[in-house]
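User: Please go through the ligand site and the backbone geometry of this model with me. I will ask one point at a time.

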Amino acid sequence: MTQSFSGKIKDKLIAAKRKWAEDGRLLTGTADEKHENRLPPGQRLVKDWPVLDLGITPHISPDAFELSITGEVENPLILDFERLLDLPNVQAKNDIHCVTSWSRYDNHWHGVSALALADIVKPTKDVTHVLFTAHDGYTTNVRIDQFLDDDVLIAHHWEGEPLTEEHGGPVRVVIPKLYFWKSTKWVREINFAKHDKPGFWEERGYHNNADPWTEERYG
Ligand SMILES: Nc1nc2c(c(=O)[nH]1)N[C@H]1C(S)=C(S)[C@@H](COP(=O)(O)O)O[C@H]1N2
Ligand SMILES: [Mo]
């Protein structure tokens with residue numbers, strides 16, 4: 001869906017965010033490596049849940065949903081929604097930290113843990129990174145150890161309800177310890193790779209690593 005990257009409004013939005021990166025907006029210079037504060041530096045708490053994306057919401061019915069697990073794995077897999085729901089399911093509660101400075105506490109998710117998924121597909125020992133692709137064309141990347149953290153989820157429910165379309169339903173990734181741009185909505189492919197590949201925002205001035213406590217916003 002490359003059309004999602006066209007259009008004047010979206011170009012303006014992307015340009016504005018790029019400018020933030022260039023200007024180093026929101027950086028406080030006070031890292032909190034030990035997570036002494038629940039709220040990372042430069043963040044403010046919100047109660048609602050803002051919607052942030054490239055501006056086009058793909059409509060994927062659960063019936064049409066497919067998630068491909070590809071790359072350096074022993075058992076590549078294509079999961080439809082039913083098969084995803086059949087995988088071992090976990091509940092999790094965690095905080096969201098968006099690079100645009102909002103944080104939201106205590107989000108309750110249901111989903112498949114990244115560790116359980118990795119147990120099934122078995123990434124080879126050569127894997128260094130995980131690359132995500134979404135139905136709106138969005139991409140992002142994390143290191144394999146960031147993906148294989150016990151709080152990382154392939155989520156399909158939020159607060160007991162199916163994940164809404166605007167927040168990435170039917171299925172999104174949730175990587176709570178990183179800025180939320182690393183958490184792909186409408187995920188289509190999870191690729192286990194022997195190399196890194198910067199995603200959409202990483203190519204536009206955002207930090208490759210994205211740790212909120214050390215303010216890895218841009219970079
Ligand atoms: N597919 C896709 N996933 C995405 C994005 C996007 O544009 N497309 N935006 C990212 C960004 S920048 C943020 S902050 C979060 C926002 O998620 P939310 O809209 O559920 O709050 O989604 C991330 N995942
Ligand atoms: Mo974001």
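Analyst: This is a predicted model. A starting point is the largest pocket, which holds about 360 Å³ of space.

User: What takes the space of the largest pocket?

Analyst: The pocket has about 360 Å³ of space, and 23 residues line it. The molecule that takes this space is ligand 1.

User: Which residues lie nearest the centre of the largest pocket, and how does its lining divide by class?

Analyst: Nearest the centre are Lys17, Leu52, Asp53, Tyr138 and Trp181. By class, the lining has 15 nonpolar, three polar and five charged residues.

User: Which residues come nearest to ligand 1?

Analyst: There are 21 residues around ligand 1. By class, this shell comprises 13 nonpolar, three polar and five charged residues. Those that come nearest are Pro50, Asp136, His167, Arg172 and Lys185.

User: Which side chain has an N or O atom 2.7 Å from a nitrogen atom of ligand 1?

Analyst: A polar contact is a pair of N or O atoms within 3.5 Å. The 2.7 Å pair with a nitrogen atom of ligand 1 involves the side chain of Asp136.

User: Where do oxygen atoms of ligand 1 meet the protein, and how much of ligand 1 is buried?

Analyst: An oxygen atom of ligand 1 lies 3.1 Å from a polar backbone atom of Leu54. In the side chain of His167, an N or O atom is 2.7 Å from an oxygen atom of the ligand. Taken alone, ligand 1 exposes 530 Å², and the share of that buried by the protein is 99%.

User: Is the peptide bond from Gly169 to Pro170 cis or trans?

Analyst: Pro170 is in the loop between β9 (161-162) and β10 (172-174). For the bond from Gly169 to Pro170, omega is near 10°. The peptide bond is cis.

User: Is phi of Asp106 positive or negative, and where is this residue placed?

Analyst: Phi of Asp106 is near 55°, a positive value in a residue other than glycine. The residue's place is in strand β5, residues 102-113.

Notes: Residues are numbered from 1 along each chain as its sequence is written. Chains are lettered from A and ligands numbered from 1 in the order in which they are written. This is a predicted model: local features need pLDDT of at least 70, side-chain atom pairs count only at pLDDT 80 or more; totals for chains, interfaces and linings use all residues. Side-chain values use heavy atoms; hydrogens and water are left out. A residue is near a molecule or strand if one of its heavy atoms lies within 4 Å of it. A polar contact is a pair of N or O atoms within 3.5 Å; within protein, one must be able to donate a hydrogen and the other to accept it, and residues adjacent in sequence count only if both atoms are side-chain atoms. Accessible areas come from the Shrake-Rupley method with a 1.4 Å probe; for residues, only the protein chains shown count as cover. On a 1 Å grid over the protein atoms alone, a cavity is a set of points where a 1.4 Å probe fits but cannot get out, and a pocket is an open set with protein on both sides within 12 Å along at least five of seven lines; lining residues have an atom within 4 Å of a point. A molecule sits in a cavity or pocket if more than half of its atoms lie within 2 Å of its grid points. Ala, Val, Leu, Ile, Met, Phe, Trp, Tyr, Cys and Pro count as nonpolar, Asp, Glu, Lys and Arg as charged, and the others, Gly among them, as polar. Grid points are joined across faces, edges and corners, and a volume is the space filled by probe spheres set on the points. Helices (H or I, at least four residues) and strands (E, at least two) are DSSP runs, numbered from the N terminus.
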